[in-house]
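Please read the explanation below with the sequence and the three-dimensional view side by side. It moves from single residues to the spaces between them.

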Amino acid sequence: MTRHIVRQRLTWKTLSNCGRLALVAALFGVTGLRAEADIIDITPEYAARLPVDFLPQIQFAQNDHGFKRDALYFHLLRPVTDAPTPVIVFVLGSGWQPVEVSRVLPQLVPLAEAGFAVAAVDYRGIGEVTFPTPQEDVKRAIRYIRAHAETWNIDPEAIGIMGNSAGGHISLLAGLSDETAFGAGAEEETAAVQAIAAIYPAIYPDEMAGDGLSLINQHFGLMAGDPANADAVAPGLPATHVDAGDPPVLLIHGTADAIVPVTQSERFYDTLTDAGVDATLLRVEGLGHSIEDTMTTLQIEQGLIDFFTRTLRTTD
């Protein structure tokens, strides 16, 4: 026997007055209303989050590379508030390949609503450049943001950096390295950051296997796992740059990550703490290698907010 399901399209016009009232009540969570009521009075309860402005495509660099990509940009999520805000520079990972960072902006909105400006930065990648140019691009972005902080109501003394996967690798290098490492910017500003959050970062890329190793070789422009290239690869390893003066580091890694094993973050956590660095490892049971899953995990969202509140709002 064939069943036929008839669906009727309901619009505001086709609803009865009672139906309209029921819809409004459902949308606004209003209960106990009389069906014949025409006016609904509510007392507003404001969300414990800030409204957010979106400023797209802010250019921070111009390079002369002929047919290759010349301009670099960042997208800015900015809390609407009178007080200068800390800023988190976000570096998206995609195997050190060029990627459109705007696709993950929705996942970063909760950080902006919590009072942190978020600058999702562009950088050149595989097919355009090799190491250390991506790291130079990111440090250049930090200098630019600091130099123009007043324009966007940003506190230039409260800059954090955060990245995932290859972006976590770049973020760790940018945040842990000395001022002279990975190029100088046109602005007379420091590229120092006050906090680093690395999400399932590729910390020991020379030890990667399979597709990961292929991408690493392209990133470095050599066979990264070849012992003969160890000296050339060493500046591209976050552990090379660790010392007691480094800013606080938050590592976030899922136990089900099949691309970058959680053991990389566990090992690096030991390296950081042995050197006297303020380090935290947030190990997430069953989480894989996904920025969307990571940023929609409530404990991770709150962990990031707590970490950046502690490290970037030291005067509050």
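Trp96 is buried, because its relative accessible area is 4%, which is under the limit of 20%. This tryptophan belongs to the loop that runs between strand S3 (85-91) and helix H2 (105-113). Its backbone also deserves attention: the phi angle of Trp96 is near 60°, a positive value in a residue other than glycine.

The structure shown here is a predicted model. Its mean pLDDT, taken over the protein chain, is 87, and 84% of the residues reach 70 or more. Residues 1-15 should be read with this in mind, since their pLDDT is below 50. In the model, this stretch has seven contacts beyond near neighbours in sequence.

A positive phi is also found at Asn153, where the angle is about 60° although the residue is not a glycine. Asn153 lies in the loop between H3 and strand S5 (154-164). Is this residue buried, partly exposed or exposed? Asn153 counts as partly exposed, because its relative accessible area of 24% falls between the limits of 20% and 50%.

Another backbone feature occurs at the peptide bond from Phe131 to Pro132. This bond is cis, with omega near 10°. Pro132 is placed in the loop between strand S4 (117-121) and helix H3 (133-147).

The next residue to find is His253, in strand S7 (residues 249-254). His253 is buried, because its relative accessibility is 0% and the limit is 20%. Which side chain forms a polar contact of 2.7 Å with the side chain of His253? The partner is Ser265. A polar atom of the His253 side chain also lies 2.7 Å from the backbone oxygen of Val260. Leaving aside residues up to four places away in sequence, His253 touches Tyr200, Pro201, Val260, Pro261, Val262, Ser265, Leu282, Arg283 and Val284. Val260 and Ser265 therefore appear both among the residues touched and as the partners in the two 2.7 Å pairs, because a polar contact requires atoms within 3.5 Å and a contact requires heavy atoms within 4.5 Å.

The explanation now turns to empty space. Rolling a probe the size of a water molecule over the atoms shows where such space is left. In the whole structure, the search finds two cavities of 30 Å³ or more. The largest cavity has a volume of about 50 Å³. Its lining consists of Leu92, Gln97, Pro98, Val99, Val101, Val121, Asp122 and Tyr123. By character, these lining residues divide into six nonpolar, one polar and one charged.

A pocket, in contrast to a cavity, is an open set of points. How much space lies in the largest pocket? The volume is about 260 Å³. Its lining is made up of 20 residues, and those nearest the centre of the pocket are Ser94, Gly95, Ser165, Ile259 and His289. Helix H5 (210-220) and helix H8 (291-295) each supply at least two residues of this lining. H5 gives the most, with three residues. The lining of the largest pocket divides into nine nonpolar, eight polar and three charged residues.

Terms used: Residues numbered from 1 in each chain as written. Predicted model: local features only at pLDDT ≥ 70, side-chain atom pairs only at ≥ 80, totals over all residues. Heavy atoms only, no water. Helix = DSSP H or I, 4+ residues; strand = E, 2+ residues; numbered from the N terminus. Buried < 20%, exposed > 50% of the residue type's maximum accessible area, 1.4 Å probe, protein only. pLDDT = per-residue confidence, 0-100. 1 Å grid on protein atoms, 1.4 Å probe; cavity = no way out; pocket = protein on both sides within 12 Å on 5 of 7 lines; lining within 4 Å. Points joined across faces, edges and corners; volume = space filled by probe spheres on them. Nonpolar A, V, L, I, M, F, W, Y, C, P; charged D, E, K, R; others polar. Polar contact = N/O pair within 3.5 Å; in protein donor to acceptor, adjacent residues only side chain to side chain.
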